[in-house]
Amino acid sequence: MGAPFFGTIEEEARYLTIHPVEIASLMLGKDHIMIEFEPIVNKLEIIPVRMLTTVGS
């Protein structure tokens with residue numbers, strides 16, 4: 001299982017697109033291949049600031 005890496009999400013962004021990739025090792029570690037999967041697209045919903053709460057409140 002891989003580790004996710006995310007960059008900064010722009011303030012006006014409406015969608016988050018994730019491009020899943022798997023790196024598979026070939027026999028005896030001689031080389032590797034990269035397998036790309038279908039992108040996952042999530043629509044970002046705007047949450048008004050007044051609806052956000054802080055931890056412990």
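User: What percentage of the 57 residues in the chain is buried?
Analyst: Keep in mind that this is a predicted model, where local features need pLDDT of at least 70, side-chain atom pairs count only at pLDDT 80 or more, and totals for chains, interfaces and linings use all residues. Residues are numbered from 1 along each chain as its sequence is written, and side-chain values use heavy atoms, with hydrogens and water left out. Buried means under 20% relative accessible area, exposed means over 50%, and partly exposed is in between (1.4 Å probe, protein chains only). By that cut-off, the buried share of the 57 residues is 2%.

User: Okay, what pattern does the chain follow along the sequence?
Analyst: Helices (H or I, at least four residues) and strands (E, at least two) are DSSP runs, numbered from the N terminus. Here we get 0 helices and 4 strands. Reading along the sequence, that gives β-β-β-β.

User: Which residue in β3 is the bridge partner of A24?
Analyst: Two strands pair if DSSP finds at least two bridges between them. Strand β2 (residues 21-25) and strand β3 (residues 32-36) run antiparallel, joined by 5 bridges. They form a hairpin with 6 residues between them, and L28 in the turn has a positive phi of about 60°. In β3, A24's bridge partner is I33.

User: I33 again! Which residues make the nonpolar surface patch with I33, and what is its area?
Analyst: Patches take residues with over 30% relative accessible area and no salt bridge; nonpolar side chains (Val, Leu, Ile, Met, Phe, Trp, Tyr) are joined within 5 Å, like charges within 9 Å. One member, F37, sits in the loop between β3 and β4 (40-43). F37 is partly exposed, because its relative accessible area is 47%. The patch joins I33 with L26, I35 and F37, and its area is about 330 Å².

User: Which residue forms a salt bridge with E12?
Analyst: A salt bridge needs a side-chain nitrogen of Lys or Arg within 4 Å of a carboxyl oxygen of Asp or Glu, and by this rule the count is 1. E12 lies in the segment before β1 (15-18), and counts as exposed because its relative accessibility is 57%. Its partner counts as partly exposed, at 41%. The closest N and O atoms are 3.8 Å apart, and that partner is R14.

User: How far apart in space are E12 and L44?
Analyst: Along the sequence, E12 and L44 are 32 residues apart. In space, C-alpha to C-alpha, the distance is 9.8 Å.

Key. Accessible areas come from the Shrake-Rupley method with a 1.4 Å probe; for residues, only the protein chains shown count as cover.
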